[in-house]
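Student: Please take a close look at one part of this model for me. I would like the ligand shell, and then the backbone around it.

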Amino acid sequence: MSSPARPLRGCRSSALTGAVTVPGDKSISHRALILGGMALGETRITGLLEAEDVLNTAEAVRAFGASVVRQGPGAWKVSGTGVGGWRRPEDVLDFGNSGTGSRLVMGAMATTPVTAVFTGDASLRKRPMGRVLEPLKLYGAEYDARPGGLMPVTLKGAVEAMPVEYLVPMASAQVKSAMLLAALNAPGRSRISQKTLTRDHTEKMLAAFGADISVEPLPDGGEVITVGGEAELKAISVAVPRDPSSAAFAIVAALLVPGSDILLHDVLLNPRRTGLFTTLQEMGADLVIVNQRESGGEQIGDIKVRASALKGVEVPPERVPDMIDEFPILAVAAAFADGNTIMRGLEELRVKESDRLAAIIAGLRANGVTVQELEDGMVVEGLGGDGVPGGGTVTTHMDHRIAMAFLVMGLAAKAPVTVDDTAMIATSFPEFENLMGGLGAVFAEG
Ligand SMILES: O=C(O)C1=C[C@@H](OP(=O)(O)O)[C@@H](O)[C@H](O)C1
Ligand SMILES: C=C(OP(=O)(O)O)C(=O)O
């Protein structure tokens with residue numbers, strides 16, 4: 001069920017200051033619940049992101065027969081069934097707005113002989129599921145979907161699963177992860193390759209849960225991941241680091257609002273997730289990473305940000321997967337920079353919660369920013385010292401990142417920026433308004 005539309009305006013704010021801790025990482029939260037549900041024993045999770053996308057995954061893992069219990073804020077206990085122990089859910093699984101939750105769970109069940117029906121909200125029902133369902137057939141799974149591989153989808157897990165060799169044809173961690181999770185209950189060893197490296201949280205967490213997994217580089221820059229099947233996963237404790245994709249909004253807000261000076265604690269710094277930070281530094285951002293350390297197999301650190309004059313840059317296309325969810329907020333930063341920012345290799349943005357490329361371009365134009373649309377990207381003509389006029393209304397198309405990015409634009413634009421619906425922000429960052437307000441950001445209803 002979609003919530004009623006909730007418009008909001010981002011308004012010119014004075015200096016943002018203070019220290020904040022953004023919520024837990026969404027990608028790691030999904031994976032901790034799913035692997036916990038497939039492991040034997042009690043997996044203890046702290047810092048879990050309690051946002052709609054992740055809560056839908058928790059519900060699905062429960063529907064397959066695991067016990068998933070909230071013990072306190074961010075503290076969850078999952079008692080899994082063991083690999084191959086998932087049972088048929090009693091009802092349709094509704095993943096809401098979440099591509100990651102739905103696609104990873106499809107992989108996790110695909111080699112167990114159970115049937116499940118997957119659906120989602122109006123945005124998720126437009127997103128391509130064939131990219132996961134077709135390769136899962138190689139394991140012996142079968143499916144039925146609406147034309148175009150759209151949800152609702154009925155997936156029948158393989159009765160006699162077989163191991164697979166598969167090259168993921170697009171830069172997608174979701175497709176890779178679905179194939180890795182399916183390998184766990186197939187006999188023998190499956191080999192999943194990717195040409196472009198994407199976030200590796202599934203690989204890291206599989207190793208931590210005791211799976212037999214190895215990763216080898218390929219000469220062309222890709223890699224091949226081998227997973228031993230009929231696996232036994234052992235429950236572990238997972239401390240979820242803070243989400244860099246959520247931190248991105250506070251960081252760019254602080255860069256754009258004059259006089260700002262903020263600190264973010266315990267942010268995940270996995271190199272497959274930090275492309276935005278590198279790009280902002282190249283644009284001249286005063287963004288410094290301090291107190292870098294390891295936590296639960298992932299790099300984390302604190303980030304200090306001060307308002308900065310930015311200049312336009314060209315983002316190397318090979319960096320795109322390392323910042324795939326950050327293009328809405330990078331485009332906003334680029335609008336305030338001096339000179340053009342060129343972004344290419346963004347095809348995957350067309351199949352996110354919205355056609356993000358189109359939504360970003362429309363939002364920028366509605367607020368007085370000139371942007372050229374390319375087949376695979378865009379060129380944002382930064383206004384630098386002249387400032388961004390603002391004053392426009394942005395259509396979010398059920399996309400949380402479009403909503404948050406343009407609210408941030410309003411904090412530094414000459415006139416407020418209206419976002420037509422902010423309800424979707426709850427899918428990934430329910431504390432957004434409060435947390436940003438605590439730093440000094442001004443939002444106004446409607
Ligand atoms: O694996 C994941 O957790 C994610 C992978 C990315 O999607 P794709 O695999 O479609 O690129 C990203 O956009 C999404 O927010 C989270
Ligand atoms: C693309 C995203 O998520 P998902 O694919 O899980 O819906 C996102 O959070 O930006």
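Tutor: What follows goes from the shell around ligand 2 to the two domains, and then to some backbone details. The model is predicted.

Start with ligand 2. Around ligand 2 sit Asn97, Ser98, Gly99 and Thr100, together with Asp325, Lys352, Glu353, Arg401 and Ser428. By class, five of these residues are polar, four are charged and none is nonpolar. Both domains contribute: domain 1 (8–24 + 241–445) and domain 2 (26–239) each supply at least three residues of the shell.

Now the domains themselves. Their C-alpha centres are 29 Å apart. Domain 1 brings 23 residues to the contact, and domain 2 brings 30 residues. On the domain 1 side, nine residues are nonpolar, eight are polar and six are charged.

Next, the backbone. Most residues other than glycine have a negative phi, and most peptide bonds are trans. Two residues here have a positive phi without being glycine. Aspartate 266 has a phi near 55 degrees. Its place is strand 15 (residues 261–268). Aspartate 266 has 21 other C-beta atoms within 10 Å, so this residue is buried. For methionine 398, phi is about 60 degrees. Methionine 398 belongs to the loop between strand 22 (393–394) and helix 11 (400–412). Methionine 398 counts as buried because it has 20 C-beta neighbours inside 10 Å.

Last, a peptide bond. Methionine 151 and proline 152 are joined by a cis bond, with omega about 0 degrees. Proline 152 lies in strand 9 (residues 150–156).

Note on methods: Residues are numbered from 1 along each chain as its sequence is written. Chains are lettered from A and ligands numbered from 1 in the order in which they are written. This is a predicted model: local features need pLDDT of at least 70, side-chain atom pairs count only at pLDDT 80 or more; totals for chains, interfaces and linings use all residues. A residue is near a molecule or strand if its C-beta atom, placed from the backbone, lies within 6 Å of it. Ala, Val, Leu, Ile, Met, Phe, Trp, Tyr, Cys and Pro count as nonpolar, Asp, Glu, Lys and Arg as charged, and the others, Gly among them, as polar. Domain bounds come from an automatic or database domain assignment. Two residues are in contact if their C-beta atoms, placed from the backbone, lie within 7 Å. Helices (H or I, at least four residues) and strands (E, at least two) are DSSP runs, numbered from the N terminus. A residue is buried if 20 or more other C-beta atoms lie within 10 Å of its own, exposed if 12 or fewer, and partly exposed in between; C-beta atoms are placed from the backbone.
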